[in-house]
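This briefing looks at how the interior of one protein chain is put together and at how two of its helices pack. Please keep the structure in view while reading the points that follow.

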Amino acid sequence: MSSNINTLLFDLDGTLINTNELIIASFTETLNHFCPGQFKREDIIPFIGPTLTDTFSSIDPKRVNEMIAFYRAYNWENHDALVTQFAGVYETVQTLKQAGYKLAVVTTKKRDVVEKGLRLSNLEPFFEVVVTLDEVENAKPDPEPLVKALTQLGSVPEEAIMIGDSYHDILGGKNAGTKTAGVAWSIRGREFLEGYHPDYMLEKMADLLNIVEIETFTEAKR
């Protein structure tokens with residue numbers, strides 16, 4: 001194990017599991033219901049990352065709760081049909097866990113759907129700590145959820161990397177004092193994330209193994 005890094009904090013959506021099409025479909029259905037004809041796919045992509053409250057408040061402050069309820073109902077009903085796996089994520093997380101790294105999920109989603117996604121992707125056993133929107137007052141990029149995860153793991157920021165597909169993850173890590181890693185498969189694109197200056201950029205999740213100096217991901221897994 002690296003003498004410097006012993007803790008890895010992961011975002012969920014767009015990082016560990018591919019929920020991009022589910023999220024876009026959920027926003028599309030919701031916005032077509034409440035604001036018909038006003039939003040195209042390219043308008044929706046920037047909504048990925050912030051909380052639903054932040055996003056819908058910017059669209060229609062008077063109907064935020066209605067829009068959130070509609071979004072969550074559609075998202076829950078269609079979750080398993082639209083969520084897919086990113087190549088190499090399971091194997092990488094399994095390797096990190098077996099090597100003794102402390103792992104947590106830090107997400108802006110609510111706990112019930114987070115647990116649903118972790119079960120669907122078979123990742124649930126690897127994470128001893130999961131911090132969701134239900135457990136905090138301030139979501140990423142505020143440092144609160146990251147600090148909460150670190151505290152529960154018995155870690156300090158200097159020993160941790162925050163890994164995510166959104167600028168909220170990169171800024172959250174910087175605000176909490178961790179190192180940060182962006183993922184090149186972010187729906188917003190590699191260049192967009194690089195603009196927030198993460199310490200590392202992962203082309204594939206297995207790149208994380210090199211960063212933390214694990215050599216056990218064999219050629220057979222590549």
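**Nonpolar cores and a helix pair**

In this predicted model, the largest nonpolar core has 31 residues, of which Leu8, Phe10, Leu16 and Phe127 touch the most other members. The elements that each supply two or more residues to this core are β1 (7-10), α5 (89-98), β4 (102-106), α6 (111-120), β6 (160-164), β7 (179-183) and α10 (207-211).

*Cores*

- Among the contributing elements, α5 gives the most to the largest core, namely three residues.
- When neighbours within four places in sequence are left aside, Phe127 is in contact with Phe10, Leu16, Val93, Leu103, Ala104, Val105 and Leu118.
- Separate from the largest core, a second core of 16 residues includes Ile23, Ile24, Leu31 and Phe56.

*Packing of α1 and α3*

- Helix α1 (residues 20-34) packs with helix α3 (residues 52-59) at an angle of about 30°, and their axes lie 13 Å apart.
- Because angles under 35 degrees count as roughly parallel, this angle makes α1 roughly parallel to α3.
- The crossing in which α1 passes α3 is right-handed.
- On the α1 side the contact is made by Phe27, Thr30 and Leu31, while α3 contributes Leu52, Thr55, Phe56 and Ile59.
- Sorted by class, the residues in the contact of α1 with α3 are five nonpolar and two polar, with no charged residues.
- Leu31 and Phe56, which take part in this helix contact, are also included in the second core.

Terms used. Residues numbered from 1 in each chain as written. Predicted model: local features only at pLDDT ≥ 70, side-chain atom pairs only at ≥ 80, totals over all residues. Heavy atoms only, no water. Axes fitted to C-alpha atoms, helices over the stretch in contact; angles between N-to-C directions. Helix = DSSP H or I, 4+ residues; strand = E, 2+ residues; numbered from the N terminus. Parallel < 35°, antiparallel > 145°, perpendicular 65-115°, else oblique. Left-handed = near helix turned anticlockwise from the far one by under 90°. Contact = heavy atoms within 4.5 Å. Nonpolar A, V, L, I, M, F, W, Y, C, P; charged D, E, K, R; others polar. Core = buried A, V, L, I, M, F, W, Y, C linked by side-chain atoms within 4.5 Å. Buried < 20%, exposed > 50% of the residue type's maximum accessible area, 1.4 Å probe, protein only.
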